[in-house]
Amino acid sequence: MAITRADCHDLDVRDPLRELRDEFSLPPGVVYLLGNSLGALPRRTAERVAHTVETEWGLHLGESWNTAGWWDLPESTGDRIAPLIGAGPGEVLAGESTSVNIFKAVAAALPLRPDRRVIVSDLDNFPTDRYVVEGAARALGSYEIRDIGSGDSLDGVLGNDVAVVLLSHVDYRTGAMRDVDAVTAQVHAAGALMIWDLCHSAGAVPVKVGAADFAVGCTYKYLNGGPGAPAYIYVAPRHQEAARNVISGWHGHAAPFGFEPHYRPAGGVRRFATGSPPVLAYSALNASLDIWEQVDMREVRAKSVALTSLFVELIDQLHPDLALVSPRDPERRGSQVSYRHADGYPVIRALIDRGVVGDYREPGLMRFGFAPLYLRYVDVHDAATTLAEVLGKELWRDEQYQRRLTVT
Ligand SMILES: Cc1ncc(COP(=O)(O)O)c(C=O)c1O
């Protein structure tokens with residue numbers, strides 16, 4: 001039986017997370033399915049950042065490094081991210097971009113396996129991961145990169161020459177999920193170290209770093225930290241004394257105000273800090289982490305599965321020819337759904353024009369992210385019917401949708 005908008009409204013009424021939508025400032029008339037790229041703006045963010053600007057900076061000036069906790073922001077913010085990735089206090093440091101943290105993690109991991117020269121990487125991973133691995137291999141000496149493809153198993157690539165494996169938990173194109181524990185165990189059985197990229201995991205699915213050696217991720221997607229928000233690095237406690245930060249700046253020094261001529265690493269995860277933190281960006285991120293502290297990730301996951309499954313079901317009904325590239329089994333899917341269409345780019349542009357915001361990724365993929373904190377079931381209904389209309393009436397053929405913008 002067809003799912004109606006009224007059915008979806010009933011689901012919204014019974015949704016245990018429904019009140020959280022009021023925490024977000026969303027433009028009227030827009031169904032925002034891009035929380036997997038840039039999360040929506042929490043209402044409390046503007047006030048928090050204004051306080052940091054006007055009071056901490058404007059009134060207290062440099063004193064705020066001590067009195068407002070600016071100096072400790074990388075650790076204090078990391079401790080708030082930690083529960084979202086199954087890590088403990090003192091294990092996560094917030095800062096830099098994901099790309100820089102990948103470099104730091106790879107460069108810290110390689111010397112922990114000094115007799116091995118291979119880095120295993122996924123060619124279908126988000127490109128920055130592979131680009132950074134290439135840069136690290138070049139900068140750090142004679143390392144070889146061994147590639148696998150999206151969803152490929154590691155069987156056959158894990159020789160005793162492999163030092164490090166870098167993979168994403170959730171695939172950025174398809175939303176397909178890898179099994180963190182099984183893959184980490186397989187990598188460890190081969191004597192190598194495991195680095196996970198959790199960009200599409202934290203706040204989207206309950207993820208635990210488990211036995212992983214390092215992990216990295218961003219906070220501007222599902223965590224709603226704001227454009228360019230500080231990323232994070234997880235360093236397993238067992239590596240924290242031996243692992244070294246390749247960008248050994250003064251914020252990671254054991255005695256930064258000793259102004260010693262030579263570098264000595266701080267204890268714990270703090271040694272992965274480098275230079276002055278962007279305080280205003282941390283302020284925005286911490287506002288959004290207040291919301292995450294009220295949320296039960298099991299409820300988030302249950303709603304995420306329900307939202308993505310509803311979208312798939314509606315498209316099955318309304319436009320069954322569209323090729324689903326995300327796993328049909330919700331257990332194997334993150335919080336996004338992707339479809340392939342030869343003209344995916346103009347389709348997305350036509351959708352955005354009608355208030356349904358998704359994005360486009362080569363080759364031919366239309367991505368739709370489902371952020372359970374602020375999306376309603378009726379939004380999913382409206383998005384699916386609009387997509388079916390754009391496809392059915394071929395509205396995407398309009399000339400104005402053909403020209404590529406810089407950001408797709
Ligand atoms: C898996 C993954 N890694 C890394 C990034 C981006 O890295 P950065 O935060 O350095 O821009 C993205 C961006 O979408 C991503 O999806």
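Trainee: Where in the chain is Leu61 placed?

Mentor: In this predicted model, Leu61 sits in the loop that runs between α2 (43–57) and α3 (64–67).

Trainee: What makes Leu61 buried, partly exposed or exposed?

Mentor: The relative accessible area of Leu61 is 49%. Buried requires under 20% and exposed requires over 50%. The value of 49% falls in between, so Leu61 is called partly exposed.

Trainee: Which residues make the nonpolar surface patch with Leu61?

Mentor: Trp57 and Leu280 form it together with Leu61, and the patch covers about 300 Å². Membership requires over 30% relative accessible area, and Leu61 has 49%.

Trainee: How do you know that Lys303 and Asp15 form a salt bridge?

Mentor: A side-chain nitrogen of Lys or Arg must lie within 4 Å of a carboxyl oxygen of Asp or Glu. For Lys303 and Asp15 the closest N and O atoms are 2.6 Å apart, so the pair qualifies.

Trainee: Why is this pair said to tie together parts of the chain?

Mentor: Lys303 belongs to helix α9 (residues 297–318), while Asp15 belongs to the loop between α1 (5–13) and β1 (24–25); the pair therefore joins parts that are 288 residues apart in sequence.

Trainee: Are Lys303 and Asp15 buried or exposed?

Mentor: Lys303 has 4% relative accessibility, and Asp15 has 4% too. The limit for buried is under 20%, so Lys303 is counted as buried, and so is Asp15.

Trainee: What makes Asp359 and Arg367 a salt bridge, and are Asp359 and Arg367 buried or exposed?

Mentor: Their closest N and O atoms are 2.7 Å apart, which satisfies the limit of within 4 Å. Asp359 is buried at 3% relative accessibility, and Arg367 is buried at 2%.

Trainee: How do you know that Glu394 and Arg397 meet in a salt bridge, and is Glu394 buried or exposed?

Mentor: The distance from N to O is 2.5 Å, again within 4 Å. Glu394 is neither of the two: at 38% relative accessibility, it counts as partly exposed.

Trainee: How many salt bridges are counted, and which residues are linked in a network of them?

Mentor: The count comes to 27. The network links Glu23, Arg44, Arg48, Arg80, Asp290 and Glu293.

Trainee: Which residues come nearest to the ligand?

Mentor: There are 13 residues around the ligand, and Ser99, Asp197, His200, Tyr220 and Lys221 come nearest. By class, this shell has four nonpolar, six polar and three charged residues. Helices α5 (98–109) and α6 (127–140) each contribute at least two of its residues.

Trainee: What makes the approach of Lys221 to the ligand a polar contact?

Mentor: An N or O atom in the side chain of Lys221 is 2.5 Å from a ligand oxygen, and the limit is within 3.5 Å. A polar side-chain atom of Tyr220 lies 2.7 Å from a ligand oxygen, and one of Thr98 lies 3.0 Å from a ligand oxygen. Taken alone, the ligand exposes 400 Å², of which the protein buries 85%.

Trainee: Why is Val31 called buried?

Mentor: Val31 has 8% relative accessibility, so it counts as buried under the 20% limit. Val31 lies in strand β2 (residues 31–32). Val31 and Asp382 are 7.7 Å apart in space, C-alpha to C-alpha, although 351 residues apart in sequence.

Note on methods
Residues numbered from 1 in each chain as written. Predicted model: local features only at pLDDT ≥ 70, side-chain atom pairs only at ≥ 80, totals over all residues. Heavy atoms only, no water. Patch = residues over 30% accessible without salt bridge, like charges linked within 9 Å, V, L, I, M, F, W, Y side chains within 5 Å. Areas by Shrake-Rupley, 256 points an atom, 1.4 Å probe, with all protein chains shown as cover. Helix = DSSP H or I, 4+ residues; strand = E, 2+ residues; numbered from the N terminus. Buried < 20%, exposed > 50% of the residue type's maximum accessible area, 1.4 Å probe, protein only. Near = heavy atom within 4 Å. Polar contact = N/O pair within 3.5 Å; in protein donor to acceptor, adjacent residues only side chain to side chain. Nonpolar A, V, L, I, M, F, W, Y, C, P; charged D, E, K, R; others polar.
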